[in-house]
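Work through the exercises below with the sequence and the model side by side, and try each task before reading its solution.

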Amino acid sequence: MNSDTLTRGLLFLSLAAAGVPGNGAVICAFLSVAYHEGRLSPADAIVLHLASANLMVVGIRCLLEVLATFEVYNVFNDTGCKAVIFVYRTTRSLSIWLTFVLSAYQCLSVAPPGSRWASVRATLGQYLVAVFVALWLINTSMSAAPLLFAVGARNDSRLLQNGINVEFCFLSFPSKLSRDANGAAQVGRDVVPMALMATASLVILVFLHRHSRQVKGLRGGGARQGPSSERRAAVTVVTLVTLYVLFYGVDNGLWVYTLTVPQTLGSSLVSDLRIFFSSLYAAISPVVIIVSNKKVNKQLNCGKEPKTLSDAAQPSD
């Protein structure tokens with residue numbers, strides 16, 4: 001095994017080692033909350049679904065990449081490639097859209113009680129299951145290309161004509177047009193929620209800034225107060241969105257580069273970098289959730305529970 005292959009295997013191993021137990025802990029914590037309290041708040045249900053999608057991202061793609069790299073187990077025949085890439089793309093996209101839904105719900109949570117936006121928030125919470133089903137259907141249908149075009153890696157120069165090398169597999173499209181159209185659809189599927197969640201985060205920050213100034217004015221500039229729940233909420237949402245924009249921004253930049261520079265199609269290096277950066281969000285986001293979410297913190301006995309985004313922004317039930 002050469003040094004490049006070893007480095008690649010160790011990088012994916014680090015993602016699996018962080019992401020699998022991290023997301024697993026978040027899922028177990030919320031299931032425990034649901035068992036003891038009999039229900040989950042809409043915000044917590046979104047985070048639980050997000051952690052489940054992230055677990056599938058790192059558990060299916062990264063863990064299998066590690067097993068194949070170190071020749072422990074190889075699932076990447078034609079059928080395996082179709083299944084692994086399809087599930088990875090579906091859950092990766094679902095993770096992105098769930099992050100947007102979480103930011104949108106928290107944006108609606110800062111609306112004054114009785115306002116039109118407050119009623120929209122209540123409606124969203126009421127039909128959250130329908131939102132989850134719709135997201136699964138949309139992202140599943142938009143990730144169907146691997147089921148048609150993914151094949152196991154083999155020495156066949158024809159695979160490189162309109163194909164993309166993803167180390168153990170090839171995505172061999174019938175034409176350059178179909179390859180570019182699939183690539184553009186993927187970029188659009190990521191950029192749209194990126195813009196929407198960034199807008200939602202800005203709305204939250206503007207509201208919290210104004211509210212902070214109002215509170216400061218009412219206090220008459222008295223003694224300095226400790227970190228408020230609102231500030232903790234702002235830090236949580238900004239952290240998650242910043243991680244998303246950073247990691248998936250790099251991912252999509254590399255994807256566009258792959259489609260526009262023919263020399264990259266025969267090499268798996270750029271594809272490996274894309275998978276690494278997109279999986280990095282799935283591996284790190286549970287750390288943010290564990291640190292900032294009061295209920296998860298309590299279930300995992302992590303000491304003093306800080307206020308969270310859902311606790312701060314969500315109205316009491």
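The exercises that follow concern a predicted model, and they go from the overall fold to single residues.

**Exercise 1. The overall fold**

Determine how many helices and strands the protein has, and in which pattern they follow one another along the sequence.

Solution. Counting the elements gives 11 helices and three strands in the protein. Reading along the sequence then gives the pattern α-α-α-α-α-α-β-β-β-α-α-α-α-α. As a further step, consider burial and contacts: buried residues make up 48% of the 317 residues, and among the contacts with a separation of 6 or more, 73% are between residues 24 or more positions apart.

**Exercise 2. The disulfide**

Find which cysteines are joined by a disulfide, and work out which parts of the chain the link ties together.

Solution. A search of the whole structure finds one disulfide, and it joins Cys-81 to Cys-169 with an S to S distance of 1.9 Å, where the cut-off for such a pair is 2.5 Å. Next, place both partners: Cys-81 lies in helix H3, residues 78-109, and Cys-169 lies in strand E3, residues 169-172, so the link ties together parts that are 88 residues apart in sequence. The handedness follows from the angle about the S-S bond, which is -85 degrees, and the link of Cys-81 and Cys-169 is left-handed.

**Exercise 3. Cysteines, buried or exposed?**

Decide whether Cys-81, Cys-169, Cys-62 and Cys-107 are buried or exposed.

Solution. The step of reasoning needed here is that a residue counts as buried when its relative accessible area is under 20%. Cys-81 has a relative accessible area of 0% and is therefore buried, and Cys-169, with 2%, is buried as well. Turning to two further cysteines, Cys-62 counts as buried because its relative accessibility is 0%, and Cys-107 counts as buried at 16%.

**Exercise 4. Helix H2 and two of its partners**

Describe how H2 packs against H9 and how it crosses H3, giving for each pair the angle, the distance between the axes and the orientation.

Solution. Two packed helices are described by the angle between their axes and the distance between the axes. Helix H2 (residues 42-69) and helix H9 (residues 269-292) pack at an angle of about 135 degrees, with their axes 9 Å apart, and that makes H2 oblique to H9. The crossing of this pair, H2 and H9, is left-handed. On the H2 side, the residues that make the contact include Asn-54, Val-57, Val-58 and Cys-62, while those of H9 include Ser-279, Ala-282 and Ile-289. Sorted by class, the residues of the contact of H2 with H9 are 10 nonpolar, three polar and two charged.

For the other pair, the axes of H2 and H3 come within 9 Å and cross at roughly 155 degrees. Since angles over 145 degrees count as roughly antiparallel, H2 and H3 are therefore roughly antiparallel to each other. H2 passes H3 in a left-handed crossing, and the contact of H2 with H3 has 19 nonpolar, six polar and two charged residues.

**Exercise 5. The surroundings of Ala-282**

Establish which residues Ala-282 touches, leaving out residues up to four places away in sequence.

Solution. Begin by locating the residue: Ala-282 is found in helix H9, and it is buried, with a relative accessible area of 0%. With residues up to four places away in sequence not counted, Ala-282 touches Asn-23, Asn-54, Val-57 and Val-58. Finally, compare sequence with space: Ala-282 and Met-56 are 226 residues apart along the chain, and their C-alpha atoms are separated by 9.0 Å.

How values were computed: Residues numbered from 1 in each chain as written. Predicted model: local features only at pLDDT ≥ 70, side-chain atom pairs only at ≥ 80, totals over all residues. Heavy atoms only, no water. Helix = DSSP H or I, 4+ residues; strand = E, 2+ residues; numbered from the N terminus. Buried < 20%, exposed > 50% of the residue type's maximum accessible area, 1.4 Å probe, protein only. Axes fitted to C-alpha atoms, helices over the stretch in contact; angles between N-to-C directions. Parallel < 35°, antiparallel > 145°, perpendicular 65-115°, else oblique. Left-handed = near helix turned anticlockwise from the far one by under 90°. Contact = heavy atoms within 4.5 Å. Nonpolar A, V, L, I, M, F, W, Y, C, P; charged D, E, K, R; others polar.
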